[in-house]
Amino acid sequence: MASCSFFPAASLVLASLCLAYWPGGVRAPFAAGLLGGLAVLVEYPGLFGLAAAGAALLPGRASGRQRFGFGAGAAGPGLVLALYQK
């Protein structure tokens with residue numbers, strides 16, 4: 001079996017997208033942001049998946065509280081990445 005380094009990041013992006021685009025509405029926005037942020041932490045191109053999950057929280061689809069929760073979840077891994085790059 002071939003070793004693919006993108007599997008962890010792809011799994012995190014998929015989980016984030018599932019939480020953000022749940023058919024009944026956004027479920028667990030903090031967890032969706034956290035998983036998307038971890039995907040970026042694992043592999044930089046995960047940023048595109050994080051942006052796609054964030055698009056689920058556009059005005060009209062999610063409340064301000066849900067958007068804040070998503071941003072707060074994504075901020076943690078972003079802060080870790082910023083400290084690591086310093």
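# Reading four helices around Ser16

Modeller: Start with one residue. Beyond its neighbours within four places in sequence, Ser16 is in contact with Ala32, Leu35, Gly36, Ala53 and Phe70. This is a predicted model.

Colleague: How far should I trust the prediction? What is the mean pLDDT of the protein?

Modeller: Begin with the general caution. Where pLDDT is low, the predicted coordinates should not be read in detail. Here the mean pLDDT is 89, and 97% of the residues reach 70 or more. Among the helices, confidence is lowest in α3, at a mean of 91. It is highest in α2, at 94.

Colleague: Back to Ser16, then. Which helix holds Ser16, and is Ser16 buried or exposed?

Modeller: Ser16 lies in helix α1. To judge burial, look at the relative accessible area; under 20% is buried. Ser16 has 1%, so it is buried.

Colleague: What about the rest of α1? Which residues of α1 are buried?

Modeller: Ala9, Leu12, Val13, Ser16 and Ala20 are the buried residues of α1. They cover an arc of only 100° around the axis, so they sit on the same side of α1.

Colleague: How does a helix manage that with residues spread along the chain?

Modeller: An α-helix has 3.6 residues a turn, so residues three or four places apart point the same way. Now look at what faces that side. The buried residues of α1 pack against α2, α3 and α4.

Colleague: How do I check the length of a helix? How many residues does α1 have?

Modeller: Compare the span between the end C-alpha atoms with the span expected at 1.5 Å a residue. Helix α1 covers residues 7–20 and has 14 residues. It reaches 20 Å, close to the 20 Å expected. For α2, the 14 residues should span 20 Å, and the end C-alpha atoms are 20 Å apart, which agrees.

Colleague: Which residues of α2 are buried?

Modeller: They are Pro29, Ala32, Gly33, Gly36, Gly37, Ala39 and Val40. Their arc is only 150° around the axis, which puts them on the same side of α2. Helices α1, α3 and α4 are among what covers them.

Colleague: And α3? Which residues are buried there?

Modeller: Gly46, Gly49, Leu50 and Ala53 are buried in α3. They cover an arc of only 100° around the axis, so they lie on the same side of α3. These buried residues pack against α1, α2 and α4. Then turn the helix round. The face away from the buried side carries the exposed residues Phe48 and Ala51.

Colleague: Take Gly49 as a close-up. What does Gly49 touch?

Modeller: Set aside residues up to four places away in sequence. Gly49 then touches Val13 and Leu17. Gly49 has 14% relative accessibility, so it counts as buried. Sequence distance can mislead. Gly49 and Ser16 are 33 residues apart in sequence, yet their C-alpha atoms are 8.2 Å apart.

Colleague: Can a short sequence gap go with a wider one in space? How far apart are the C-alpha atoms of Arg65 and Leu50?

Modeller: Those two residues are 15 residues apart along the chain, and their C-alpha atoms are separated by 18 Å. Arg65 is in helix α4. At 75% relative accessibility, Arg65 counts as exposed.

Colleague: Now the interior. How many residues make up the largest nonpolar core?

Modeller: General idea first. In soluble globular proteins, nonpolar side chains tend to be buried together. Here the largest nonpolar core has 12 residues, including Ala20, Val26, Leu50, Leu57, Phe70 and Leu81. Helices α2, α3 and α4 each supply at least two core residues. The largest share, three residues, comes from α4. Leu57 is a core member worth a look. Beyond neighbours within four places in sequence, Leu57 contacts Val26, Ala62, Gln66, Arg67 and Phe70.

Colleague: How many aromatic pairs are there in the whole structure?

Modeller: A search finds one. To read a pair, check the ring centres, then the angle between the planes. Phe6 and Phe7 are 5.0 Å centre to centre with 70° between the planes, an edge-to-face pair. Phe6, at 43% relative accessibility, counts as partly exposed. Phe7, at 40%, is also partly exposed.

Colleague: One last feature, the backbone. Which residue has a positive phi although it is not a glycine?

Modeller: That is Ala28, with a phi of about 50°. Ala28 is in the loop between α1 and α2. At 39% relative accessibility, Ala28 counts as partly exposed.

Key
Residues numbered from 1 in each chain as written. Predicted model: local features only at pLDDT ≥ 70, side-chain atom pairs only at ≥ 80, totals over all residues. Heavy atoms only, no water. Buried < 20%, exposed > 50% of the residue type's maximum accessible area, 1.4 Å probe, protein only. Contact = heavy atoms within 4.5 Å. Core = buried A, V, L, I, M, F, W, Y, C linked by side-chain atoms within 4.5 Å. Helix = DSSP H or I, 4+ residues; strand = E, 2+ residues; numbered from the N terminus. Expected span 1.5 Å × (residues − 1). Arc of directions from axis to C-beta. Phe/Tyr/Trp six-rings, centres within 6.5 Å; stacked < 30°, edge-to-face > 60°. pLDDT = per-residue confidence, 0-100.
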